[in-house]
Amino acid sequence: MAQASVQVTHSGTSRWRRRTGEYSSLAAALEAAGDGDVLTVPAGTYRENLVLGRAVTLRGPDGARGAVRIAPADGVALTVRASATVHDLHLEATDSTSPALLVEDGAPELSGLRVVTRSASGIEVRGGARPTVRRCTVDNPGGVGISVLDGAGGLFEECEVVAAGQAGVAVRDGAHPRLEKCRIHHASGAGLSVNGEGSAVEAVGCELYEIKGAGIQIAARATGHFTDCTVHRTSADGVTLDTDAVLTLADCDIHDIPENAVDLRSRSVLTLTRSTVRHFGRNGLSVWDPGTRVDANQCEIHDSTGDYPAVWVSDGATAVLDSTRVHDVPDALFVLDRGSRADVVDCDLAQVRNTAVSVSDGATVQLDDCRIREAATGAWFRDHGSGGTLAHCTIDGAQTGVIVTKGADPTIEGCTVSSPAEAGFYVSAEGRGTFHGCRVTGSSGFGFHVIDGCRTTLTRCRTERCARGGYEFAEGGAGQGDGPTVQDCTSDESRALPAPAAGAVAAPALQQATQTAGLLGNVPAQAPPAAPSAPAAPAVSSRPSDEVLGELDTLVGLESVKREVRSLINMIEVGRRRQQAGLKAASVRRHLVFTGSPGTGKTTVARLYGEILAALGVLDRGHLVEVSRVDLVGEHIGSTAIRTQEAFDRARGGVLFIDEAYALSPEDSGRDFGKEAIDTLVKLMEDHREAVVVIVAGYTAEMARFLAVNPGVASRFSRTITFGDYAPEELLRIVEQQGEEHEYHLADGTGEALLKYFTALPKGPSFGNGRTARQTFEAMVERHAGRVAQLTDPSTDDLTLLYADDLPELP
């Protein structure tokens with residue numbers, strides 16, 4: 001029963017008297033109304049099931065939006081079967097088997113409606129209906145917000161789904177609506193679900209957020225085209241495509257996603273243009289299965305909050321990245337499994353904590369004109385059948401530029417690696433590879449480091465300013481049987497070729513290049529390089545313990561660390577002597593925890609610790625094998641135990657150094673394989689307690705959490721050694737040492753300027769301690785070179801003195 005009468009006003013004057021009147025119910029008014037009539041409904045609650053079968057206008061009183069409530073006891077509150085117009089009504093329904101508002105036919109215009117219900121759907125559009133729905137709100141915690149079914153279409157403009165017990169908007173069975181400037185949030189299913197062949201959605205300027213499920217879900221041959229849309233704060237993936245789905249995202253923003261930002265499977269195709277993917281917990285782009293493909297152009301993928309690759313391509317899928325930036329992520333691009341492929345053109349991969357490009361299990365990549373900066377590893381070709389091409393790429397500031405292992409065979413052409421901390425190109429474990437016209441500059445290790453007799457081909461390559469040497473080949477080196485082939489390669493080294501290490505064979509091809517250019521050379525055996533994060537042939541320590549301890553003492557700062565290490569060494573040495581004397585020796589656990597900020601010398605001390613133990617006879621070899629999470633944790637069930645076992649085996653007789661070990665136990669580790677690595681490691685440490693010394697390292701707070709949540713790991717370590725940040729005076733001393741090593745001197749006043757510089761330098765999470773000091777020295781050398789290059793006839797002082805003006809600007 002209505003609370004007030006209903007006025008019906010006819011638009012045609014010829015029938016005014018007959019058709020104008022007042023009715024006691026909406027149903028009676030609708031029965032009397034004809035096409036073009038206007039029904040103005042007074043404020044009140046109407047317990048009726050309304051059906052609009054004519055092209056009438058149904059509206060509330062002017063200026064009183066929501067004053068008219070249509071609230072039947074059950075069934076559909078309002079059914080529209082004609083091109084009617086409905087304004088400013090409040091619809092309520094409680095029937096879980098039917099929608100609150102049903103549009104079955106025509107092209108009605110619906111605006112200003114508020115649907116508050118616990119129905120199967122808040123608004124349902126079906127059949128041949130093509131409504132225009134503007135500024136309507138749906139609140140339906142009992143079911144779907146808006147359903148468009150059975151070939152229906154329509155325009156939804158500035159509408160909002162404020163709550164839905166299932167999908168916010170569901171499109172299926174060939175429906176094809178358009179959404180403009182809509183907001184969908186607080187849905188308990190997908191924010192927007194499109195399913196079935198012929199089903200399609202076009203969305204412009206829409207926002208989906210606070211979704212307990214996926215933000216956008218396209219499946220079963222459905223399609224979608226989204227422009228200028230935002231998806232964020234979901235509980236599952238941001239966007240999912242499955243089974244021949246096709247989706248285009250242009251100028252979209254996907255962020256704050258705890259799982260995959262975008263996940264594609266089963267021959268789905270995604271085109272991503274000028275879009276941003278950021279703050280995701282797993283993969284930014286996850287691409288699976290043969291026939292599945294993603295094309296990303298002018299996009300940005302950054303700021304991962306988890307410990308997974310930003311772009312994951314596997315099981316025969318394809319990814320194409322063009323003019324795209326990937327940065328501030330654990331790993332940038334992982335391509336794995338035979339048939340999987342990634343084509344990357346004119347892209348930037350930067351601030352990558354582990355590996356920028358990883359290729360494994362028979363996958364291939366093609367990188368052209370790409371830039372990789374500040375990564376632990378620029379590109380890693382991991383195993384047999386894995387390969388592809390890197391052409392005209394630059395890798396700057398990586399630990400290691402390119403790693404090739406376990407039979408992988410890539411082609412590297414015209415690539416430049418600048419300032420690697422370990423090696424420019426590193427080949428081991430039967431890796432192969434063809435390197436043509438490549439260049440390494442400013443390496444802190446070797447330019448090209450090829451071990452294990454790998455059959456690598458180097459032609460027309462060049463190295464410059466490599467601290468340990470331009471080229472290093474293991475026993476059976478260049479030109480010897482199965483070793484590398486070297487042709488027309490040069491280096492800027494002018495010293496004579498030293499005698500090769502014991503057991504090594506001089507390389508005829510390399511000698512010929514040396515005679516031609518007068519530039520190449522190896523490094524003496526007593527200064528082995530720190531092993532990059534890749535399988536490495538163990539180096540045997542031949543130095544006495546006093547000599548190694550002397551090197552430890554020469555390190556700048558670290559006084560408490562030196563005391564801790566000497567105390568531990570003393571315990572081990574006395575225990576060894578007591579055993580020789582037939583006495584009981586206290587059991588000393590040799591495994592250690594190193595905590596502290598980056599650049600404080602943890603890896604260097606670990607290397608020296610291994611050498612000392614070897615000199616004392618506690619370890620057989622004393623070599624260092626450095627790994628991180630990416631080396632231990634596999635991509636598939638069971639592969640983590642294999643990788644961890646392999647790393648442990650490589651470290652037998654030496655030290656296994658696990659950097660950022662806390663990454664093996666992330667705070668949200670429900671679906672993580674890191675626990676498997678920890679469990680495997682704990683068992684190996686117990687079963688082979690005398691064979692390997694394990695050192696875990698990382699930030700102080702994170703390592704404390706790591707040990708607290710893994711008591712089995714904590715019990716295996718004897719002590720924790722904390723590496724404090726360097727004081728400004730210690731950073732100055734590192735710069736002075738760098739100058740002495742490279743024959744530079746600080747002019748009067750430069751030391752004081754450096755102290756002020758290091759005092760003022762921000763000491764945030766990115767502060768690199770010793771690394772920062774070395775980078776400061778390198779920056780000063782570059783500025784010095786720019787200054788001196790302008791002089792016609794520089795003096796010796798001009799060439800060697802560094803002034804305060806050579807200091808870089810404070811960040």
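Arginine 293 is partly exposed in this predicted model, with a relative accessible area of 33%. Its side chain meets that of aspartate 295 in a salt bridge, with 2.6 Å from N to O. Side chains of opposite charge can pair when their charged atoms come close. The structure holds 30 salt bridges, so let us look at a few others before moving on to the helices.

A second pair brings together the side chains of aspartate 346 and arginine 371, at 3.0 Å from N to O. Aspartate 346 sits in the loop between strand 42 (341-345) and strand 43 (348-360), while arginine 371 belongs to strand 45 (residues 371-381), so this salt bridge ties together parts that are 25 residues apart in sequence. Both partners are partly exposed: aspartate 346 has a relative accessibility of 35%, and arginine 371 has a relative accessible area of 27%. Salt bridges can also share partners, and in this way Arg439, Arg462, Glu464 and Arg465 are joined into one network.

Arginine 172 and aspartate 173 give one more example, their side chains meeting in a salt bridge of 2.6 Å, N to O. Here arginine 172 is partly exposed at a relative accessible area of 40%, and aspartate 173 is partly exposed too, at 42% relative accessibility.

Now for the cysteines. How many disulfides does a search of the whole structure find? The search finds zero. Cysteine 182 is in no disulfide, because its nearest cysteine sulfur, that of cysteine 206, is 4.7 Å away, and a disulfide needs sulfur atoms within 2.5 Å. Cysteine 182 is buried, with 4% relative accessibility. Cysteine 461 is in no disulfide either, and the nearest cysteine sulfur to it belongs to cysteine 489, 4.5 Å away. Cysteine 461 is also buried, at a relative accessible area of 1%.

It helps to step back to the whole protein here. There are 15 helices and 66 strands. Of the 811 residues, 55% are buried. Among contacts with a separation of 6 or more, 54% are between residues 24 or more positions apart. The protein exposes about 32,400 Å², and carbon and sulfur atoms supply 47% of that area.

Two of the helices reward a closer look. Helix 8 (residues 639-650) has twelve residues and reaches 17 Å from its first C-alpha to its last, close to the 16 Å expected at 1.5 Å a residue. Its buried residues are Ser639, Thr640, Arg643, Thr644, Ala647, Phe648 and Arg650. Their cover includes two helices, helix 7 (629-632) and helix 9 (674-687), together with strand 61 (624-627), strand 62 (655-658) and strand 63 (693-698).

Finally, turn to helix 13 (residues 750-760), where Thr750, Gly751, Ala753, Leu754, Tyr757 and Phe758 are buried. These residues cover an arc of only 155° around the axis, which puts them on the same side of helix 13. An α-helix has 3.6 residues a turn, so residues three or four places apart point the same way. Which residues are exposed on the other side of helix 13? They are Glu752, Lys756 and Thr759. The buried residues of helix 13 are covered by parts that include helix 12 (728-742) and helix 14 (770-788), as well as strand 65 (745-746) and strand 66 (801-802).

Definitions and conventions. Residues are numbered from 1 along each chain as its sequence is written. This is a predicted model: local features need pLDDT of at least 70, side-chain atom pairs count only at pLDDT 80 or more; totals for chains, interfaces and linings use all residues. Side-chain values use heavy atoms; hydrogens and water are left out. Buried means under 20% relative accessible area, exposed over 50%, partly exposed in between (1.4 Å probe, protein chains only). Helices (H or I, at least four residues) and strands (E, at least two) are DSSP runs, numbered from the N terminus. The arc is that of the directions from the helix axis to the C-beta atoms. Contact means heavy atoms within 4.5 Å. The expected span of a helix is 1.5 Å times one less than its number of residues. Accessible areas come from the Shrake-Rupley method with a 1.4 Å probe; for residues, only the protein chains shown count as cover. A salt bridge is a side-chain nitrogen of Lys or Arg within 4 Å of a carboxyl oxygen of Asp or Glu.
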